[in-house]
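Let's take a walk through a protein model together. Keep the structure open and turn it around as you read.

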Amino acid sequence: MDELEHVLAVQNRLGEGPIWDHQAQVLYWVDIEPGHFHRLDPATGEHEVFDVGLPLGALALRASGGLVMATRDGFAFWDPETRALRFIADPEADRPGARFNDGAVDRQGRFWAGTMGQGPTSSLYRLDPDGSVHTMETGVTTSNGIGWSPDDRTMYYTDSRPRVIYAYDFDPATGAIENRRPFIHTPDEEGVPDGLTVDSEGFIWSARWGGWKVTRYDPDGKPQREIRMPVQYPTSCTFGGPELDELYITSAWTRLSDAERKEQPQAGDLFRLRTGVRGLEEPRFLG
């Protein structure tokens with residue numbers, strides 16, 4: 001069951017944020033530092049790369065077509081016809097050196113994305129369909145994976161540097177979060193928590209940056225399954241495929257020396273695992 005497939009030798013510097021479009025049966029993901037995003041049709045093997053012209057932290061599907069993005073310069077829409085960005089808001093325009101790092105859409109069509117920079121000075125934001133931006137959390141170091149429980153009552157949110165995934169009580173009607181508590185805190189474990197996804201059984205799959213693995217945690221935060229990787233820096237994961245039972249995993253080589261890259265020739269590539277577990281369909285931003 002744990003036979004990992006090497007899907008695409010894409011060699012991303014900092015591959016991140018995979019998103020499965022269940023309608024089109026294609027996978028999107030970003031390569032943050034060069035500001036590229038990728039689109040792969042696994043059925044045909046067609047692979048496209050798009051350059052947005054600046055560092056790109058996260059993207060998500062948009063109900064009206066195209067994509068919503070969290071970039072170095074704030075939130076933006078990407079139009080597939082013009083292949084251009086239209087910027088919406090930049091809540092951290094006063095923070096040189098900061099950029100958005102990861103994001104996800106909740107089931108009510110709101111786009112959540114957080115930032116990273118120097119020290120615990122970053123934040124988590126919520127972009128609503130009406131274009132308003134709300135600050136949802138502050139004092140963050142490296143904002144990372146976000147997901148929701150199948151019953152929509154718990155939100156999970158990763159702050160990588162302190163090696164913690166938080167759980168919050170989530171109000172789906174208002175988008176409010178409260179009662180933050182550590183879901184997992186692993187200061188002594190190999191690697192740090194990076195991107196995550198939640199499966200249909202309510203288990204959380206977390207990529208361990210620097211840890212050579214992806215870990216599946218049960219709803220109580222206990223490790224239930226460990227997927228060993230041939231690369232040191234797995235970055236994120238999402239469920240895809242016609243039955244949503246294939247876990248796609250992105251990776252990076254940006255922290256590796258030349259010698260380490262030779263020892264890890266698949267660093268930065270795309271992987272897939274047929275899990276025997278179904279994921280949840282990705283929601284679309286309603287703005």
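## Starting in the strands

Leucine 56 sits across from threonine 71, a residue of β7. Before we go further, remember that what you're looking at is a predicted model. That first pair belongs to a bigger match-up: β6 and β7 run antiparallel, and five bridges join them. To get from one strand to the other, the chain makes a hairpin with five residues between the strands, and in that hairpin glycine 65 takes a positive phi near 110 degrees.

Now stay with β7 and look at its other partner. β7 and β8 also run antiparallel, and five bridges join this pair. Here methionine 69 faces alanine 76 in β8. The link between β7 and β8 is a hairpin with two residues.

So how covered is β7? Five of its five residues are buried, and the strand counts as mostly covered. Try looking at it from each side: Leu67, Met69 and Thr71 are buried on one face, and Val68 and Ala70 are buried on the other.

The loop that follows β7 gives you a contrast. Aspartate 73 is located in the loop between β7 (67-71) and β8 (74-79). Is aspartate 73 buried or partly exposed? With a relative accessible area of 31%, aspartate 73 is partly exposed, because buried would mean under 20% and exposed over 50%. You can also tie this spot back to where we began: aspartate 73 and leucine 56 are 17 residues apart along the chain, and their C-alpha atoms are separated by 8.9 Å.

## A four-stranded sheet

Next, find the open sheet of four strands, which has the order β1-β24-β23-β22 and antiparallel pairing. At its edges are β1 (4-8) and β22 (234-240), each of which pairs on one side only. Going from one strand to the next, the twist averages 30 degrees.

Zoom in on β1. Its partner is β24 (residues 270-274), and the two pair in the antiparallel sense over four bridges. Within this pairing, glutamate 5 stands opposite arginine 272 of β24.

## A buried arginine

Head over to strand β19 (residues 204-209), where you'll find arginine 208. Arginine 208 has a relative accessible area of 0%, so it's buried. What does its side chain have around it? A polar atom of the arginine 208 side chain lies 2.7 Å from the backbone oxygen of glycine 191. The side chain of arginine 208 also makes a polar contact, at 3.5 Å, with the side chain of tyrosine 217.

## The empty spaces

Let's finish with the gaps. The largest pocket holds about 530 Å³ of space. It has 23 lining residues, and those nearest its centre are Arg99, Met116, Thr142, Trp209 and Arg255. β10 (99-105) and β18 (192-198) are the elements that give two or more residues to this lining. If you sort the lining of the largest pocket by class, you get seven nonpolar, eight polar and eight charged residues.

How many cavities of 30 Å³ or more does a search of the whole structure find? It finds two. The largest cavity has a volume of about 340 Å³, and among its 28 lining residues, Ala104, Ile146, Leu196, Thr197 and Glu282 are closest to the centre. Several strands contribute here: β2 (15-21), β6 (56-61), β10, β14 (143-148), β18 and β22 each supply at least two residues of the lining of the largest cavity. The classes in this lining are 14 nonpolar, nine polar and five charged residues.

The second largest cavity has about 30 Å³ of space. Its lining is made of Ile19, Leu59, Ala60, Leu61, Ala104, Val105, Glu282 and Pro283. By class, that's seven nonpolar residues, no polar ones and one charged residue. Both β6 and β10 supply at least two residues of this lining, and β6 gives the most, with three. That brings us back to β6, the strand joined to β7 by five bridges.

Note on methods. Residues numbered from 1 in each chain as written. Predicted model: local features only at pLDDT ≥ 70, side-chain atom pairs only at ≥ 80, totals over all residues. Heavy atoms only, no water. Pairing = 2+ DSSP bridges. Axes fitted to C-alpha atoms, helices over the stretch in contact; angles between N-to-C directions. 1 Å grid on protein atoms, 1.4 Å probe; cavity = no way out; pocket = protein on both sides within 12 Å on 5 of 7 lines; lining within 4 Å. Points joined across faces, edges and corners; volume = space filled by probe spheres on them. Nonpolar A, V, L, I, M, F, W, Y, C, P; charged D, E, K, R; others polar. Buried < 20%, exposed > 50% of the residue type's maximum accessible area, 1.4 Å probe, protein only. Polar contact = N/O pair within 3.5 Å; in protein donor to acceptor, adjacent residues only side chain to side chain.
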